[in-house]
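This report covers one protein chain. It begins with the overall fold and then turns to one sheet and the helices around it.

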Amino acid sequence: MRSREQRLTKSTPWRLIALGCWLGAVPVIDGCECEPEPGTDAAVADSATAPDAGGTDTRRPDSARPDTHLPDTNVADSHVADSHVADTHVADTHVADTHVADTHVADTHVADTHVADTHVADTHVGDSAQPDASQPDSAVADSAPQPDASQPDSAVADSAPQPDAWTPTPVFWLTTLIVNDQESALLPTSTYGGVARATTVMKDLQAAAAAYQPVLETGEVATVGTLTLGGGDYTLGGSQFQASLDHGVPYYDALAMEEMNFDALGLGNHDFDYGPSILANFIDSFTAPPPFLAANLDFTNEAALAALVAASGIVKHTVLTTGGEQVGVIATVTEDLPVLTTLGEVTVGAILDAINSEVTELEGAGVNKIILISHNQALLRDLELVPQLSGIDIVFSAGGHELLANDATVLFPGDVSDPSRHFPMWVDDADSVPVPIITTNGSYKYIGRLVAKFDASGRLLDIDDALSDPVRVVAGSDPDVATPDAVVDANAVVPVQTYTAGLASNIIAFTEVALDGVRNNVRTLETNEGNLIADAMWWVADSYSTQHGGPYPDVAFVNGGGIRNNNVIGPGDISEGDTYAMLPYTNFVAIVPGVTREDFKEILENAVSRVEYFDGRFAQISGFWFAFDPNGTPRHIDASDTLVHGDRVLWAELDDGTPLVQGGAVVTGAPLNLATINFISGGGDGYPAFDTVVPVPWTYRQALADYLTIALAGTVTGGYYPEGGEGRIFRSLRVRGVDYPVIAHGAMLQVSAAPLLDSGGSPIVTEVTIGGVAQPYTVQSDVMVAVGPIDDTTPVGAQDMVVTTSAGAFAPYSVTVIHLVINELDYDMTSTDTEEFIELATGVNAAVSLKNYVIVLWNGSAANDAAYDAFELTGSTDADGLYLIGPTSTLAHTPDQFFPGPSMTNRIQNGTDAIGIYRGHADQFPGGTALTNYNLIDAVVYGTAADNVLTQTLLGTGLESVIVAENPITNSLLRCPAGSGRLDGRNYINAAPSPGVANTCP
């Protein structure tokens, strides 16, 4: 945030301050000494006329415009056509006492004096009102005609007498109180908000602002004023607004807001969601409505709203008087309105044109303090808008639900103050004048308060940072908890609570996982709640098509902006009220048949075209997956009104593997049937409008409720809807899957990913890592890469696998890495062999599946070393990472898997033999299979005689078999952790059998 001195540097050029000091008009400005600006000729440091001075300000009706030539006051006989004004000495010119009316400038030639670059707009040579609005570029619109018609831009020629020079001394303190994006959040949460408590906080802030008495340096008390403004989106479909709709006029939202004493209300996109007639009903619900503002909307052809315009209930701007001062307020709404809501015949104009027009009119009427309410959907948009503006003192940004706060601001738990986003933020306007921007994050959670200091001519000098911040509305047990306003509580809150309690008590489902419907998540990435809702759209459309003979949907999607609960639901019950919170609107399910592949890519391009702005068009999807690059070119309309199709979508594929988009190119194929909502199929949120649409008689809320109760039988499981999503949307290329998600050191993975080859058929894979460790790999095709054997140094546990190509890295894919070894072996029992067992360990203290691994038993013989049995592992390890295989006997620990076949008690042969663990299946190792170490994970060779063939083939050259006494009755081979790691039989010792128990090694 800029310091006060930096703001003065911009909005109050030092040359003017110095001139005021030199004239004796400004001895001290808030402790700032009157000194020449560094680098300025000392002889002319006090001159306000030096060329190229920075800080042009064209905001006031009494200011010279940028194209206005320098006023020639008190130099009537001077010829300055070729002179450098910076060298002009004005030491004898007493501007404060000069009566400009007596100054004759008829002989003064200033036509060639180039002071267009001289920024003198801050030379306030008169505070008189401008009665002649036809002179917008004249600093004194009522000035007498210029004697020399060739001098049209002389700013003060023959102007009325100027009472004194401008002094940068604050004389008027304006407190602006704001709320935005309330969205019918009338009821409090457990910790914050609720309209009744917000009303109490608002009234307290209004009273404090009225009682504030700042004292000037002169000892006088400054004038104070207060304005209370709304930023739009007062209502939103859902259970709380449904209570109003069922109740009828007056709506509960309006009854509550009227008690907050708003001075002006800008309109937002959601205020039109139920159409113009409902908006008219909302406005009519006020007994004494404040002016509703929308400068860039035309209501002429929409009868209900046109009547309000005629009665001045809806205006383009308003002039409010507070503390004896006039303040103009303008409001605009996003130009995206036609694709966001239901406008009827309301039309939308350009924001910038509308603002400029209203500023001109206000300044022409002598209003010198102007506030803009900009419902532009995102703070970023307003940060981009302000540099194009002139004449706006304060910008109230709305529609983005964003939080600005200062270091000392007391926030709710979970709300984080961003050091780069202070309250207010400062952005230079078109004249390099810093403009403060304020906003709050909606839902009656905070009330924004900005205290601004203005001088006598309406110039914004500074912001009182100590009094400017968002003030929280506490509903919990904190000391600053607000007492609900009794009137609002009785007239609005209690009726809505009664209505919604009925919905909340109707439990329709249970979720085992937390369902993520947080606003900024459903608008930027895949969430499990988004997947659930998209699946509900597909399911209802498919059910309807089954009853009516098609068309059957291939894919489905909904816009993230239509998901409105903005919180996490569960684990726990899901009520009917929750479905209203998730999907509040009256959108209906619709099927769009025969969507071409090209149009489908356009749909996806639109979905991700504004993801960086948290735009509601972002899609939650069903029936396919896609990957996009947020740094690519977005789909948009360029300056020449030409559609740029965008290149962000890289890959798309149906769930059955049918490719739709590969490497950004559309794959030729059959068209698709698309399930969505009628808002989207009709062109909402920037999506292409379709001529052929099959309506489905379910609202999307009812579709969700039916899907929960019927298709899911009342239970949302983590298996179907894991937290974080299941891999439908990626911000890069996607690894589609691996042949087995649990992989041991020494094993191979088959990884499905694409593209892996360039257009010439050459591999583009540059690296594969698991757990950050580079792995060997072989590219087998454009969609398959073989990875492994997995390096021994790869960490055990869940690890990210990353496939990197010359085109970029694929999205990480998680695999569980295990260090699968034979942990203990009881290989030989005298006579009975009833308690032989094999125990495996994974190195992961958690249950992991061992499917797709096989145990092979080898018969060691000098004549024929070959497999005599093989069986696949079927279960998962216990919490200690152990897995016991044994007979149906009296082992101390029940086996996790029994030896197969009739000879379960005599599976492991005596003598010199071996046991190996392989990645694969039993049918790959029929009896008599020759020794192999291909896909070998671990092995133990045991016996009384060294058999180098077994040892060297299975364990490697130079290793020794385990030499033990034959027929040990009480001993087993126990693996100890110390040693050289995998495939090293020398880590085994003889010890008492302890199946299922952690090893105790010496």
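## Chain overview and a helix-flanked sheet

In the protein chain, 72% of the contacts with a separation of 6 or more join residues 24 or more positions apart. The model is predicted. The chain holds 18 helices and 54 strands. Of its 1002 residues, 56% count as buried. The accessible surface comes to about 38,200 Å², and carbon and sulfur atoms hold 52% of that.

One open sheet has 5 strands in the order E23-E19-E30-E22-E31. Its pairing is mixed. Strands E23 (619–622) and E31 (694–699) form the edges, each pairing on one side only. Neighbouring strands are turned by 25° against each other on average, direction ignored. Inside the sheet, E22 (residues 588–595) and E30 (residues 672–677) run antiparallel, joined by 5 bridges. Here valine 595 stands opposite leucine 672 of E30.

Two helices pack on this sheet:

| Helix | Strands touched | Direction angle |
|---|---|---|
| H15 (residues 597–607) | E19, E22, E23, E30 | about 135° with E22 |
| H17 | E22, E30, E31 | about 65° with E31 |

H17 (residues 700–711) also packs against H13 (residues 528–548), at an angle of about 90° and with the axes 8 Å apart. H13 is therefore roughly perpendicular to H17. On the H13 side, the contact includes Leu532, Ile533, Met537 and Trp539. H17 contributes, among others, Tyr700, Leu704, Tyr707 and Ile710. The residues of this contact divide into 13 nonpolar, no polar and 2 charged.

Methods: Residues numbered from 1 in each chain as written. Predicted model: local features only at pLDDT ≥ 70, side-chain atom pairs only at ≥ 80, totals over all residues. Heavy atoms only, no water. Helix = DSSP H or I, 4+ residues; strand = E, 2+ residues; numbered from the N terminus. Buried < 20%, exposed > 50% of the residue type's maximum accessible area, 1.4 Å probe, protein only. Contact = heavy atoms within 4.5 Å. Areas by Shrake-Rupley, 256 points an atom, 1.4 Å probe, with all protein chains shown as cover. Axes fitted to C-alpha atoms, helices over the stretch in contact; angles between N-to-C directions. Parallel < 35°, antiparallel > 145°, perpendicular 65-115°, else oblique. Nonpolar A, V, L, I, M, F, W, Y, C, P; charged D, E, K, R; others polar. Pairing = 2+ DSSP bridges.
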